[in-house]
Amino acid sequence: MKKSLYIIYLLAFATLICSCQQKLQDLIDENPYGEGTRKLNINLIYPDGFESEKAGAEIKVLNPTNGIEYKLYSNDLGKASIDLQYGFYRVSVTDKGAPISGAIPIFNRSVDQVRLIDTLKGDLNLNVELALSYAGQLIIKEVYYRGCTGLDLKTFQYDKYITFYNNSDDIAYLDSVCFGIVEPYNAPTNPTPWSYLSADGQRVIRDTIPIIEAIWQFPGTGKSHPLQPGQEVVVALSAAVDHTILRPMSVNLNVPGYWVCYNQRYTNASYHPSPGPNLANHWLDLLWKQGTSTAYPFSTVSPAPVIFRIPEVGAQAYIDNPANRSRKPGTTSATEYIMIPSSWVLDGVECFDVTTRNKRFPASIDATFVVMGDADRYLGKTVHRNVDEEATQKAGGRIVYMDTNNSANDFYVRSSQSIKE
Amino acid sequence: MKIKHKYIYILFALFLCQLAFSSQVTGQNKKQIKEKCLYHFDDLSRKQTWTDSYNAAGLGFIDFNNSSFIEAYMGKGDGALVKYNESDDNFNFGLRTASYKKINKTTFFGKIDYNNFRGQNMTWSGLIYPERYLLAVADSRPAEKRKESYKLSGGFSTPIATNLIFGAQINYETADLAKMKDLRHLTKLLDFEVTGGLIYKAGMFNIGANYYYRKFHEKVTFSKVADDDILYTGYLFKGLWFGMFENWTNDALNLSRPFTDVIKGGSVQVEFLKEKFKFHNEFTYKSQEGLTGPGADKAFSQSEAETYEYKGIASFEQDHIRHYLKVNANYSDATNYDKVTNQERIGGIYVTFYYGLNKAFSRRNFNLNGEYEIALGRYKCNPNWNLKAGYSYTAQTSISSIVNPLYYTQDVRVASAYGKVNKNFILDKGMIDLSLLGAYSSGSGIKQRESISENAVGINLDDVVATQVTALLNREYEFLTAGKFQGEAGFRYSRFVSTQNTAGSIYLDLKYSFTKAKELKYHDGDNAGVFYMALGYSF
């Protein structure tokens with residue numbers, strides 16, 4: 001009896017060891033994604049007349065919580081599918097059509113907050129209506145906003161600038177071109193309040209964008225300031241002086257032909273000293289200013305600059321009309337923003353510091369974003385457009401930059417300011 | 001140099017002979033020494049069948065009336081053969097006391113331990129006990145860390161009816177750990193454990209059951225004090241050293257967060273008694289739930305685990321020879337989930353959207369330990385010779401699944417064996433204990449294997465990259481599986497202190513252990529040594 005008890009004890013122990021070993025093996029043999037994923041079926045809807053473009057569109061599905069981006073391509077029916085874990089995703093689509101009379105149609109759409117929830121029964125079907133736009137004539141070529149470091153090892157940020165470029169074969173005129181930044185100053189951690197949830201639960205950014213703090217405009221009577229094909233113009237956003245004397249990593253913004261955002265309503269002399277003599281008569285007009293800020297607050301973290309024309313009643317009349325202003329949805333703040341329809345926008349670029357931020361531009365302006373993180377702060381780095389090699393070749397060597405209204409494709413982080421070259 | 005060593009060996013051998021001779025002489029006068037002077041608290045406690053049980057009611061079964069000690073201690077560790085988060089140059093000191101005491105039919109147990117620790121070159125963990133969790137927060141700049149901890153235990157066992165004993169015990173630990181350089185962190189620990197149980201004495205059997213509850217909580221707060229633009233990388237590890245690595249800012253990658261785990265469970269015990277033979281068995285089940293983040297719908301991640309434990313102790317105690325066989329086995333299955341939520345401002349109100357739990361990391365672990373011990377000598381509290389040999393086997397498999405459709409598995413098996421011998425010499429006014437330990441451990445397995453989910457149709461995998469600190473993966477795997485020899489030598493001198501009413505001994509305890517590994521690639525050195533000293537009073 002005693003012996004048999006010991007044998008039972010030993011057998012039970014041996015069985016326990018074997019079953020534990022098997023459980024360990026089972027873990028590494030299992031597919032952890034077998035449960036807990038949902039299928040996202042994406043259906044691309046092209047504008048009327050462009051249905052034949054459906055195949056091969058690049059679809060990016062970004063998981064903002066971990067920064068992983070999946071790249072898919074649509075089939076002949078304009079469809080693609082992917083198995084995803086629970087979460088909210090950003091789906092962005094960019095496609096180029098066949099040229100029509102020399103103009104290249106661009107199809108873009110970015111859908112934020114695509115929700116894959118554990119209570120979802122079956123697949124999630126997402127119809128993506130692509131917005132039609134054409135490559136622009138006047139584009140933002142470079143934005144320098146992250147600052148640099150001086151010889152004294154102190155950081156410096158009064159040397160920010162933005163560059164506009166004529167990317168077409170025709171002369172562009174800067175006259176009446178307006179410049180501003182979209183609210184909020186930094187890319188938000190929550191979805192922008194200038195958005196809404198559509199009937200199918202997807203977040204949609206409004207088509208009319210809010211300009212914050214100020215609107216600057218190039219002066220001129222219509223053809224006073226031509227920009228030849230392939231020519232660029234630099235606009236100093238703060239101090240238009242030569243910064244390189246004390247800070248070799250910085251730039252000289254006192255160069256003939258450059259422009260500056262300068263107006264005596266901005267009284268902070270560190271940000272806005274009197275512009276250098278080479279910029280005489282190259283001060284942008286300050287069409288509108290909101291609030292009491294003494295310096296033009298262009299973000300050093302994640303700005304969203306935009307250039308546009310106000311075509312109808314004239315820029316000043318449009319701005320002066322209270323119907324064209326709005327307060328921020330969901331707040332009691334009296335701060336007002338000038339609302340600009342996206343169809344007036346010539347170009348805009350959405351800059352993020354981390355991928356988890358939320359967008360401010362609708363897809364028709366910029367379907368995605370370019371990321372310049374904190375590691376790139378104060379090193380003289382810029383976001384700069386990629387060269388479109390194929391288009392450049394066709395243009396006989398005149399540099400043509402990528403313009404797909406999709407900053408993730410169009411821009412890269414440049415190690416130093418291009419105007420230093 | 002060799003000659004010098006030779007003299008040392010000769011002197012040591014002569015010293016041992018002298019001790020052996022004197023112990024024979026003094027052995028004849030043992031009656032003059034009160035038995036209490038000979039007590040070794042730890043050894044005595046270890047040779048009970050119920051003191052290691054979760055059921056505090058078993059405290060009543062200790063076979064001595066009372067035993068206590070109070071000691072001041074210090075330790076110094078040097079050498080690079082340490083875990084990834086440990087210091088290669090550390091010092092600690094503390095004060096501790098513990099006691100078993102029977103008053104009438106009630107048995108009490110109490111323990112207090114204060115420890116002050118300073119370690120240099122510490123990094124890769126913001127947590128005090130990172131191995132308890134399935135995810136971790138860390139930075140990569142080595143610096144000094146300081147820790148203060150207090151451990152308190154209190155338990156009792158008392159009969160509440162004929163053959164029925166009730167007992168309860170509380171264990172409590174609190175600690176503060178601070179890193180002294182940017183990127184610095186302050187970590188506060190609170191660990192609370194309570195058990196309560198009953199034992200029914202039924203002839204040749206003691207049958208017990210108890211409830212178990214434990215809550216441990218670590219709150220990590222990262223900060224940067226220096227007013228400079230130096231950027232530090234913060235790490236949020238989610239198993240197998242995969243995770244998120246960014247420049248640390250409270251906005252971009254906020255690593256500060258609480259970690260809270262609650263364990264509930266219970267044990268049943270069956271002890272068989274026959275004359276001098278005891279066979280104690282304990283089966284334990286624990287269910288663990290943990291979360292990080294502020295909690296409720298703001299939790300960042302949550303985990304669950306189940307643990308099954310078995311402890312078996314067989315003892316056969318005769319007058320001059322005592323045998324002990326211990327077998328422990330435990331199996332745990334733990335999974336950590338990313339809790340996917342986000343907040344949106346709708347109509348001026350922040351609304352939290354909940355999406356679901358994504359399995360991020362799973363780990364299964366199996367441990368088996370067997371140990372045989374034989375004690376020779378008249379006194380259980382003070383054997384002349386104590387010999388011990390043990391074997392331990394650990395198997396662990398892990399799977400990381402934070403980047404769909406890729407997943408990564410690891411399989412580690414580690415086996416170790418050890419032997420230890422203790423010799424006690426009784427002198428006129430005191431006694432000496434010498435100990436020697438030798439151990440070897442080695443492991444094998446699969447460091448990491450990448451797999452792709454069968455659902456990954458149509459995804460361009462070139463763009464799907466999981467970020468991992470492979471240096472830590474290599475180091476940890478090497479630490480676990482490398483062949484390691486360990487040796488330890490101990491010396492303890494006790495001076496008897498007796499009065500008419502009290503008996504005890506003042507002792508000085510010295511130990512040095514040395515571990516050396518072979519063929520290391522990912523460590524800065526292949527050995528580590530720890531020196532330990534304690535001065536105390538046993539009574």
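This passage describes the fold of chain A, its contact with chain B, and some backbone features of both chains. The model is predicted.

Chain A has 421 residues, and 47% of them count as buried. Its secondary structure comprises four helices and 29 strands. Taken along the principal axes, the C-alpha atoms of chain A fill a box of roughly 110 × 60 × 50 Å. Contacts between distant parts of the sequence were also counted. Among contacts in chain A with a separation of 6 or more, 73% join residues 24 or more positions apart.

The domain assignment divides chain A into domain 1 (37–134) and domain 2 (138–420). The centres of these two domains of chain A, taken over C-alpha atoms, are separated by 28 Å. Domain 1 of chain A gives 18 residues to the contact, and domain 2 of chain A gives 16 residues. On the domain 1 side, strands E5, E6 and E8 (131–134) of chain A are the elements that give two or more residues. E6(A) provides the largest share of that side, nine residues. By class, the domain 1 side has six nonpolar, eight polar and four charged residues.

The contact between the chains was examined next. It involves 45 residues of chain A and 43 residues of chain B. Five elements of chain A each supply at least two residues to the side that touches chain B. They are helix H1 (2–29), strand E3 (68–73), strand E4 (79–85), strand E5 (87–96) and strand E6 (105–116). The largest share of this side of chain A, eight residues, comes from H1(A). The residues of the side of chain A that touches chain B comprise 23 nonpolar, 14 polar and eight charged. Strands E5 and E6 of chain A thus appear on the side that touches chain B and on the side of domain 1 that touches domain 2.

The largest nonpolar core has 78 residues. Within this core, the residues with the most contacts are A:Cys178, A:Val235, A:Ala236 and A:Val260. Strand E17 (residues 208–217) of chain A gives the largest share of the core, six residues. A second, separate core has 69 residues. It includes A:Leu84 from chain A, and B:Leu189, B:Tyr337 and B:Leu357 from chain B.

The surroundings of A:Cys178 were listed without residues up to four places away in sequence. A:Cys178 touches A:Ile215, A:Trp216 and A:Gln217. It also touches A:Leu287, A:Ile307, A:Phe308, A:Arg309, A:Ile310 and A:Ala315.

Two cis peptide bonds are described here. In chain A, the bond from A:Glu183 to A:Pro184 is cis, with omega near -5°. A:Pro184 is in the loop between strand E14 (178–182) and strand E15 (195–197) of chain A. In chain B, the bond from B:Asp182 to B:Leu183 is cis, with omega near -10°. B:Leu183 is in the loop between strand E6 (164–179) and strand E7 (184–202) of chain B.

Positive phi values were found in tryptophans of chain B. B:Trp124 is not a glycine, yet its phi is positive, near 70°. This residue lies in the loop between strand E3 (106–122) and strand E4 (136–139) of chain B. B:Trp124 counts as buried because 23 other C-beta atoms lie within 10 Å. B:Trp241, also not a glycine, has a positive phi of about 65°. Its place is the loop between strand E9 (233–237) and strand E10 (243–247) of chain B. B:Trp241 counts as buried because 24 other C-beta atoms lie within 10 Å.

Notes. Residues numbered from 1 in each chain as written. Chains lettered and ligands numbered in written order. Predicted model: local features only at pLDDT ≥ 70, side-chain atom pairs only at ≥ 80, totals over all residues. Contact = placed C-beta atoms within 7 Å. Nonpolar A, V, L, I, M, F, W, Y, C, P; charged D, E, K, R; others polar. Domains from an automatic or database assignment. Buried ≥ 20, exposed ≤ 12 C-beta atoms within 10 Å, placed from the backbone. Core = buried A, V, L, I, M, F, W, Y, C linked by C-beta atoms within 7 Å.
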